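Subject: Structure handover

Hello,

Here is the structure I promised you. Please open it alongside this email and follow the residue numbers as you read.

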Amino acid sequence: MSAKAISEQTGKEFLYKYICTSSAIQNRFKYARVTPATDWARLTQDHPWLLSERLVVKPDQLIKRRGKLGLVGINLTLDQVKAWLKQRLGQETTIANAKGILKNFLIEPFVPHKQEEEFYVCIYAAREGDYVLFHHEGGVDVGDVDAKAQKLLVAVDEKISESDVKKHLLQHAPANKKDILASFICGLFNLYEDLYFTYLEINPLVVTKDGVYILDLAAKIDATADYICKVKWGDVEFPPPFGREAYPEEAYIADLDAKSGASLKLTILNPKGRIWTMVAGGGASVVYSDTICDLGGVNELANYGEYSGAPSEQQTYDYAKTILSLMTQEKHPEGKILIIGGSIANFTNVAATFKGIVRAIKDYQGPLKEHEVRIFVRRGGPNYQEGLRVMGEVGKTTGIPIHVFGTETHMTAIVGMALGHRPIPNQPPAAAHTANFLLNASGSPSTPAPSRTASFSESKPDGIAPAKKAKPTAPLGKATALFSHHTKAIVWGMQTRAVQGMLDFDYICSRDEPSVAAMVYPFTGDHRQKFYWGHKEILIPVYKNMSDAMRKHPEVDVLINFASLRSAYDSTVETMNYPQIRTIAIIAEGIPEALTRKLIKTADKKGVTIIGPATVGGIKPGCFKIGNTGGMLDNILASKLYRPGSVAYVSRSGGMSNELNNIISRTTDGVYEGVAIGGDRYPGSTFMDHVLRYQDTPGVKMIVVLGEIGGTEEYKICRGIKEGRITKPVVCWCIGTCATMFSSEVQFGHAGACANQASETAVAKNQALKEAGVFVPRSFDELGEVIQSVYQDLVAKRVIEPAEEVPPPTVPMDYSWARELGLIRKPASFMTSICDERGQELIYAGMPITEVFKEEMGIGGVLGLLWFQRRLPRYACQFIEMCLMVTADHGPAVSGAHNTIVCARAGKDLVSSLTSGLLTIINNPDMRVQILKDYVKQHFPATPLLDYALEVEKITTSKKPNLILNVDGFIGVAFVDVLRNCGSFTREEADEYIDIGALNGIFVLGRSMGFIGHYLDQKRLKQGLYRHPWDDISYVLPEHMTM
């Protein structure tokens, strides 16, 4: 998420440190924090003013209207503060519907002042800029400030001035305080911008003859700006809302999330609850929570969370075991339920993630049985059939009741089954296997002919068009149609899997040419990348510079930006300097809101449509798809996305957009176009932007919108219908209805999925949409039924005339994916029986490297594993080591030493002189680095070079998790440290040994033993002469040279 609340203490600390104003701010840094563990003697020693001043005390736990609730002690001595706290500190209190413990208090100096010296100031972010609110009467009785306060909009990229503040905000302020207030408000606004606040409220702000006092402050900052503001913010603590405890398991998952490119979220709502969820996808996680609450499970819902963005098997295992550990801590008389749900994934390998979950279930099978846990699974996406199979198998082998369903079952149907509201099918219909869709039976290498007899999107005669005519027109400068059958795109980033998916989609849609014209990747030189176009291989150019790509491909008008959150802004700004680009999709999640708003302003000025950030993209069946949208070909074929239908949709969630593809394909003639605008608070294009495009597109006959809690964009659809701008049937459902049922605020998976006022709740928006004439189901469960009803009505009225279905063309399956599915087998080019580096840890002849170190096997023990594939007795290991010592050198006259000497004298380096085989060295970052680091830190006298390298690693891994200090680098710096600091060498001697290649000797010896092991292994396995197979070589010759 982005906007996160901070404590009053943190907010004031930022303000006191960094505000720049001529106004005299009083009581800077005069605050003291009190918790149940506070040592009062130490506190008064650190803050001596506590003993001499009158005081104010209040809880600092994100509680609103503390004064009204009697939670502020005013004008007290220190003893009176202690007595006041004695009645409240550590006590359970109910505020509204939230019940929690008061455990964090703030003490500040009491400021004597008059009522007329109190003012109200607030700054908050909106799509168009930042609003500054001021009211000349502040305090607990300020009332409805939205209605009463003066308001000034500071547009994106504009600056605030004291003259504007005086003119628009301070009309009713005392004349003698206008200068002070104007200077303070300008300084406050600049602080707000510089430190990436999204909300900053001071009430009251007191201005006396002595200066300005910040009495009460509430604030939120954009947590995604951490990489920009880290130096000023420091390590910010984000407290949970009052009524919800901060659990160590939440912190553990947050840490996993921070270290992962995937998204892992966990919020514990009720640790004693009966219903637990483990849901894939930010949007899907909200839908499942809604459905559980709709069916009466709100008081038993234990958690909210999500895992998405293609987490690894290990990451999913860590996430799953955390959930299973929590849910098996206390028994429930009715047993417990685990919902493992999700929409249809776009790019996550479902089987890989499910294998992680299966490992966790096996580890916890005893507690799961003891707590009578029943598990309900529903998932779709790449390789989901294999994922469902392994999940079903673990149920049979462990005896845990696990009910497994795929895309043939409505996404949330398993909730009704779990809660007893609908029967559990004995044998759900099996979905066709991935292989059934993709293997080409015809064997023809040519591009298939168009597979349709008529277009679903053809305009119908005027007589059967909708009766009402819409008012014009689309927004100035932006195209109604973003994509066509001839759209060409540039992809920013080395996303080969996504590009191949786009080319396969193009091929199956019978496009004449690939939709990807080029790729841009600044970190390599210009080159060409190999891809498949149907059966044959093609080369797509990759450029280092955007300018070269644009100059050489003037036909391109779409950019798909896979840049990281840190570089997505700059690369998008650069792209918008090229007028040929009309549409940009920004995939990255976590771009600061302030930067996104600048992108939106620039795009609006230039007439560019932005899809995203934080999106999977969009799809126009039969024409074009963005990146990973729509998933793999089996889902594209199952959802009939290779040809256009009559229904257009817009969603925030990428995973839920794929679910809409599934629902719409099962209930109508299919999708005409679909866009996922992204989960951020300020998406580059809005629901209304796309609904108006669909309204003006003749081929679109009905519109589906999947809205969500947070923001007010859905109300624009209501106004558009009432004003006659939207006349086509609209089906809409806003997810997040469960939020109003929770006792404390929950931030859902998407950054924008949080209601800041009643009108932003999903319930309020669904009601308003219904009143405006939108078709609104009673729940997400009914969405498909409502879509089908509206569609059938349009068919009955002949507004839609479904075209005849024709079998779609086929695309051959990639070898790697066929192997993943277990559909093919191929003889391996090599065999090995001594070493395996594929997992989380290196293994020598079946023994993990950590065990080799724990049991102190030594060099002899390692040689025993690598050469003889068994553990040798200790005396044998010692003998091997003695042999190594006595055979280390036989003098210069023997042939090996003689040849080394000759090569050295010829100027060759150590490795080349010893053996050419040692030139093949592979780095495998693994547990060895941690093992070596622990040893070095414990035994080395000093490690200055290693310490420097580890500090560099902190910086590099914050940019990209795999930019680590690997094992070779670690050995290198540690070896230099030991030479320089062990006391056996002068600095000059140590440096000389490094210069002449002593360090390489460490690697040479280790690799030598391994290569000898492989040599003996090949001889023992009786492997014959090796020749590389032809089918593993791409022959790319100039066309005029081929037959």
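Helices and strands here are DSSP runs, numbered from the N terminus; a strand takes at least two residues. One of these strands, β11, covers residues 197-208 and holds Pro 204. Please keep in mind that this is a predicted model.

**Backbone oddities**

Most residues other than glycine have a negative phi, and most peptide bonds are trans. Three places in this model are worth a look on that score.

Start with Pro 204. The peptide bond from Asn 203 to Pro 204 is cis, and its omega is near 0 degrees. A cis bond also joins Gly 612 to Pro 613, with omega about 5 degrees. Pro 613 sits in the loop between β26 (609-611) and β27. The third place is Phe 29. Phe 29 is not a glycine, yet its phi is positive, at about 60 degrees. You will find Phe 29 in the loop between α1 and β2.

**The four-stranded sheet**

β2 belongs to an open sheet of four strands. The order is β2-β7-β3-β4, and the pairing is antiparallel. Which strands stand at the edges? They are β2 (32-34) and β4 (73-76). Each has a single partner strand, so one side of each has no neighbour in the sheet. On average, neighbouring strands are turned by 25 degrees against each other, direction ignored.

β3 (residues 55-59) pairs with β4 in the antiparallel sense, over two bridges. Leu 55 has Leu 76 of β4 as its bridge partner. Helix α1 (residues 8-18) packs on this sheet. α1 touches β2, β3 and β7 (105-109), and its direction makes about 45 degrees with that of β7. Helix α4 (residues 78-86) lies across β2, β3, β4 and β7. α4 runs at about 155 degrees to β4.

**The six-stranded sheet**

Now go further along the chain. An open sheet of six strands has the order β28-β27-β30-β29-β31-β32. Its pairing is mixed. The edge strands are β28 (624-625) and β32 (730-735). Each has a single partner strand, so one side of each is left without a neighbour in the sheet.

At the β28 edge, β27 (residues 618-620) and β28 pair in the antiparallel sense over two bridges. Lys 620 has Phe 624 of β28 as its bridge partner.

Phe 624 also takes part in an aromatic pair. The model has twelve aromatic pairs. In one of them, the ring centres of Phe 483 and Phe 624 are 4.9 Å apart and the planes are at 25 degrees, so the pair is stacked. This pair links distant parts of the chain, with the two positions 141 residues apart. Phe 483 is in the loop between α16 (434-438) and β20 (489-492), while Phe 624 is in strand β28.

Over at the other edge, helix α26 lies across β31 (702-708) and β32. α26 runs at about 160 degrees to β31.

**Helix on helix**

α26 (residues 783-796) also packs against α22 (residues 654-667). The angle is about 45 degrees, and the axes are 9 Å apart. The two helices are therefore oblique to each other. α22 passes α26 in a right-handed crossing. From α22, the contact uses Leu 660, Ile 663, Ile 664 and Thr 667. From α26, Leu 783, Gly 784, Ile 787, Gln 788 and Tyr 791 take part. By class, that gives six nonpolar, three polar and no charged residues.

Next, take α23 (residues 687-695) and α24 (residues 713-722). Their axes come within 8 Å and cross at roughly 35 degrees. α23 brings Phe 687, Met 688 and Val 691 to the contact. α24 brings Glu 713, Glu 714, Lys 716, Ile 717 and Gly 720. This contact has four nonpolar, one polar and three charged residues.

The last pair is α9 (residues 248-258) and α11 (residues 313-327). How do their axes run? They come within 11 Å and cross at roughly 175 degrees. Angles over 145 degrees count as roughly antiparallel, and that makes α9 roughly antiparallel to α11. Glu 249, Tyr 252, Ile 253 and Leu 256 of α9 make the contact with Asp 318, Tyr 319, Lys 321, Thr 322 and Leu 326 of α11. By class, these are five nonpolar, one polar and three charged residues.

Best wishes

Definitions and conventions
Residues numbered from 1 in each chain as written. Predicted model: local features only at pLDDT ≥ 70, side-chain atom pairs only at ≥ 80, totals over all residues. Heavy atoms only, no water. Axes fitted to C-alpha atoms, helices over the stretch in contact; angles between N-to-C directions. Parallel < 35°, antiparallel > 145°, perpendicular 65-115°, else oblique. Left-handed = near helix turned anticlockwise from the far one by under 90°. Contact = heavy atoms within 4.5 Å. Nonpolar A, V, L, I, M, F, W, Y, C, P; charged D, E, K, R; others polar. Pairing = 2+ DSSP bridges. Phe/Tyr/Trp six-rings, centres within 6.5 Å; stacked < 30°, edge-to-face > 60°.
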